[in-house]
Amino acid sequence: MLDVDALLRKYTDGNKDLYHILCGHSEAVRDKALNIASSRGLDVDEDFVSEAAMLHDIGVGLCDAPAISCFGTQPYICHGVAGRMLLESEGLPRHALVCERHTGSGISLAQIETQNLPLPRRDMLPLSLEEKLVCYADKFYSKSRDLRAEKPVDKIIAQMAAHGQDVLERFMEMHNMFS
């Protein structure tokens, strides 16, 4: 079994505040994802979902987000791509894709180009059931407030809508699948 805690410690590099935030947030996401899988009777690899949920934000330490104890140089929007890079270097390609594809309701190539986002020019949309499950569960928890306080669905819908109709439609597709 994968030693998730060792990876989280490695990539938080002694930053205890970041480790606490990352673990608290990721545990909430993991628990929600596994609860959804169980209650809906989804045919998913639960060990993988657990690991991927715990590692989905591992790239945040490379980003500039001081409010959540991240003192890297990359824009926060890049944390998924940064996580993919880290986990690919660890020989975890499936986990790496969850990192890259969990941001928002996924990020399309059209969004990247239209908004001129500082991301590689490719679709970063969750494809597998496990990727969608972690992406969906992640939307319910913040890294900047009470780490276990679940956001109401109407607030998430408003946040997704603020980023465009396509973003909202992808979220609603996951919501219909998992709620």
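# Cavity, cores and cysteines in a predicted model

User: How many cavities of 30 Å³ or more does a search of the whole structure find?

Analyst: In this predicted model, a search of the whole structure finds 1 cavity of 30 Å³ or more. About 30 Å³ of space lies in the largest cavity.

User: What makes the space in the largest cavity a cavity, and not a pocket?

Analyst: A 1.4 Å probe fits at the points of a cavity but cannot get out, whereas a pocket is open. The residues that line the largest cavity are Ile77, Gly80, Val81, Glu100, Thr103, Ile107, Leu119 and Met124.

User: Why is Cys63 called buried?

Analyst: Buried means under 20% relative accessible area. Cys63 has a relative accessible area of 0%, so Cys63 is buried.

User: Does Cys78 count as buried or exposed?

Analyst: Cys78 is at 7% relative accessibility and therefore counts as buried.

User: Why is there no bond between the sulfurs of Cys63 and Cys78?

Analyst: A disulfide needs two cysteine sulfur atoms within 2.5 Å. The closest cysteine sulfur to that of Cys63 is in Cys78, 6.2 Å away, which is too far for a bond. For Cys78, the closest cysteine sulfur is in turn that of Cys63. By this rule the count of disulfides is 0.

User: How do you know that α3 is largely enclosed by the rest of the structure?

Analyst: Of the 10 residues of α3, 7 are buried, so α3 is largely enclosed. These buried residues are Phe48, Val49, Glu51, Ala52, Ala53, Met54 and Leu55. They pack against α1 (4-12), α2, α4 (79-89), α5 (93-101) and α7.

User: What makes the approach of Asp45 to Asp47 at the start of α3 a polar contact?

Analyst: The cut-off for a pair of N or O atoms is 3.5 Å. A side-chain oxygen of Asp45 comes within 3.2 Å of the backbone nitrogen of Asp47.

User: Which residues touch the most other members of the largest nonpolar core?

Analyst: They are Leu42, Leu133, Val134, Tyr136 and Phe178, in a core of 26 residues. Two or more residues of this core come from each of α2 (16-40), α3 (46-55), α7 (129-138), α8 (153-161) and α9 (165-178). A second, separate core has 22 residues, including Leu8, Leu22, Met54 and Cys70.

User: Which residues is Val134 in contact with, leaving aside its neighbours within four places in sequence?

Analyst: Val134 is in contact with Val29, Val49, Ala52, Ala53, His56 and Val98. Among these, Val49, Ala52 and Ala53 are buried residues of α3.

Definitions and conventions
Residues numbered from 1 in each chain as written. Predicted model: local features only at pLDDT ≥ 70, side-chain atom pairs only at ≥ 80, totals over all residues. Heavy atoms only, no water. Core = buried A, V, L, I, M, F, W, Y, C linked by side-chain atoms within 4.5 Å. Buried < 20%, exposed > 50% of the residue type's maximum accessible area, 1.4 Å probe, protein only. Helix = DSSP H or I, 4+ residues; strand = E, 2+ residues; numbered from the N terminus. Contact = heavy atoms within 4.5 Å. Polar contact = N/O pair within 3.5 Å; in protein donor to acceptor, adjacent residues only side chain to side chain. 1 Å grid on protein atoms, 1.4 Å probe; cavity = no way out; pocket = protein on both sides within 12 Å on 5 of 7 lines; lining within 4 Å. Points joined across faces, edges and corners; volume = space filled by probe spheres on them.
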